[in-house]
Amino acid sequence: MRFDIITLFEPMFAALTEQGVSSRALQKQLYKLNFWNPRDYTHDRHNTVDDRPYGGGPGMLMLYPPLKAAFENIEQSLEGQPSHVIYLSPQGNPLTQQKVMELAAKPQITLLCGRYEGVDERVIERFVDEEICVGDFVVSGGELPAMMLMDAVIRLLPGALGHHLSAQQDSFSQGLLDCPHYTRPEEIDGMRVPSVLLEGHHKKIDAWREQQQWLRTYARRPDLIEKLAPTSEQRRQLDAWLKLVD
Ligand code: 9D3
């Protein structure tokens with residue numbers, strides 16, 4: 001996997017390159033990273049990358065010409081290999097684990113990180129394949145959303161996780177939230193580990209964990225239950241568990 005990132009704030013990506021799974025995956029050369037700063041493609045004394053919106057209104061927009069130059073330089077460096085261009089944008093499609101898996105199968109991804117109020121719409125029209133949003137909340141630019149996307153993709157790359165089961169077994173991959181987990185000690189501040197987890201009966205443990213997944217998902221994310229389209233048998237089981245609980 002190769003990531004080409006168009007950003008005014010390359011240093012922010014140290015969060016990805018200097019810590020954790022994504023950092024080790026980079027050392028292992030599971031992916032390559034190139035940064036392209038629109039400021040490097042300006043020609044005026046102030047290295048201007050933004051300007052005021054036509055029609056008025058608050059804030060500034062990223063100018064077309066420096067971004068065009070960045071895209072053209074990426075294209076040149078790709079020597080004919082295909083590129084998939086994503087603009088991180090509040091107007092984008094929500095990022096999902098399904099989308100993350102699709103992206104992890106691509107040889108290359110270009111990420112355009114907006115600042116200010118965003119980019120001139122014609123940049124999107126000419127250079128962008130898809131717009132992606134990371135949630136219905138506002139952050140100050142596309143860099144943190146880009147890093148979230150990259151982290152999610154990188155941990156799916158073969159060899160990134162050490163233990164291969166976890167990436168597949170994740171909640172969302174499965175459609176249900178995760179069950180509660182406990183480690184030592186067996187009792188702390190008056191709270192005991194559920195006894196089923198201490199008894200070593202693995203069939204019972206699996207059944208308990210699945211019950212917890214369904215009950216938690218029902219309580220916290222009923223939208224996920226609907227999306228799962230449970231079978232009538234699964235619905236009956238959930239109803240039975242719900243009656244036991246309250
Ligand atoms: C006044 C309208 N705002 C749009 C919702 C302005 C605006 C807010 C934040 C314009 C750009 C930004 C910067 N955010 C992103 O670039 C961004 C983002 C986000 O804010 N939330 C969730 N996903 C994303 S992806 C890129």
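A residue counts as near a molecule here if one of its heavy atoms lies within 4 Å of it. With that in mind, 16 residues surround the ligand, and Glu 117, Val 134, Gly 135, Phe 137 and Val 139 come nearest. The model is predicted, with local features needing pLDDT of at least 70 and side-chain atom pairs pLDDT 80 or more, while totals for chains, interfaces and linings use all residues. Residues are numbered from 1 along each chain as its sequence is written, and side-chain values use heavy atoms, leaving out hydrogens and water.

Let's look at the backbone around the ligand. A backbone N or O atom of Val 134 lies 3.0 Å from a ligand nitrogen atom, and one of Val 139 lies 3.0 Å from a ligand oxygen atom. For Gly 142, a backbone N or O atom lies 3.4 Å from an oxygen atom of the ligand. On its own the ligand has 570 Å² of accessible area (Shrake-Rupley method, 1.4 Å probe), and the protein covers 74% of that area.

Which elements give two or more residues to the shell around the ligand? They are β5 (85–94) and β7 (130–133), where strands are DSSP runs (E, at least two residues) numbered from the N terminus. The largest share, 3 residues, comes from β5. By type, the shell holds 10 nonpolar residues, 5 polar and 1 charged; Gly counts as polar, and Asp, Glu, Lys and Arg as charged.

Stepping back to the whole protein, the domain assignment gives domain 1 (2–155) and domain 2 (171–245), with bounds from an automatic or database assignment. Their C-alpha centres lie 38 Å apart.

Note on methods
A polar contact is a pair of N or O atoms within 3.5 Å; within protein, one must be able to donate a hydrogen and the other to accept it, and residues adjacent in sequence count only if both atoms are side-chain atoms. Helices (H or I, at least four residues) and strands (E, at least two) are DSSP runs, numbered from the N terminus.
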